[in-house]
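Colleague: I'm new to this one. Could you walk me through how to read its features?

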Amino acid sequence: MLLGAGAALAVVVLGVAHRTAVDAGGDSLAGADGEWLVLAALATVAMWLAGAVSLLGTIPVRPPFGRVLAVQFAASFANHLLPAGAGAMAVNVRFLQRQGISRG
């Protein structure tokens, strides 16, 4: 819990320190075409769903679909912190270990 609070605090501090960039990003988002934004959001959700179905199809246990979908959501954010998909791989491996599946 302390780690999560520290990460949230770091995001707030960085947002305040780079306020002009955050404002410029918000202005760009406000001026964007709404139809393309909806299409991009739907494509993102479709990728999370495809990742969840793919993961469910490769493991011998059947965890709840909502939990697997949440793992894919978290993995997409972990990819922003680590290079070349290593973040998603780490999140998925940790999830599979918690489900009792070995790395082998």
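Modeller: Sure, let's begin with the record: UniProt, in an unreviewed entry, lists residues 35-57 as "transmembrane region". Such annotations may be inferred rather than shown by experiment, and their positions are given in the numbering used here. Over residues 35-57 the chain is 100% helix and 0% strand, with the end C-alpha atoms 33 Å apart. Helices here are DSSP runs (H or I, at least four residues; strands are E, at least two), numbered from the N terminus.

Colleague: And what sort of model is it?

Modeller: A predicted one: local features need pLDDT of at least 70, side-chain atom pairs count only at pLDDT 80 or more, and totals for chains, interfaces and linings use all residues. Residues are numbered from 1 along each chain as its sequence is written, and side-chain values use heavy atoms, leaving out hydrogens and water.

Colleague: At what angle do helix 3 and helix 4 pack?

Modeller: Axes are lines fitted to C-alpha atoms, for helices over the stretch in contact, and angles run from 0 to 180 degrees between N-to-C directions. Helix 3 (residues 34-58) and helix 4 (residues 65-78) pack at about 120°, their axes 9 Å apart. Helix 3 and helix 4 are therefore oblique to each other (under 35 degrees is roughly parallel, over 145 roughly antiparallel, 65 to 115 roughly perpendicular, the rest oblique).

Colleague: How many aromatic pairs does a search of the whole structure find?

Modeller: A pair of aromatic rings is described by the distance of the centres and the angle of the planes. Rings of Phe, Tyr and Trp (its six-membered ring) pair if their centres lie within 6.5 Å; planes under 30 degrees apart are stacked, over 60 edge-to-face, the rest tilted. The search finds two pairs. The ring centres of Trp 48 and Phe 73 are 4.7 Å apart and the planes at 80°, so this pair is edge-to-face. Trp 48 in helix 3 and Phe 73 in helix 4 are 25 residues apart, so to speak linking distant parts of the chain.Colleague: How do helix 4 and helix 5 pack?

Modeller: Helix 4 and helix 5 (residues 86-98) pack at about 150°, axes 7 Å apart. That makes helix 4 roughly antiparallel to helix 5.
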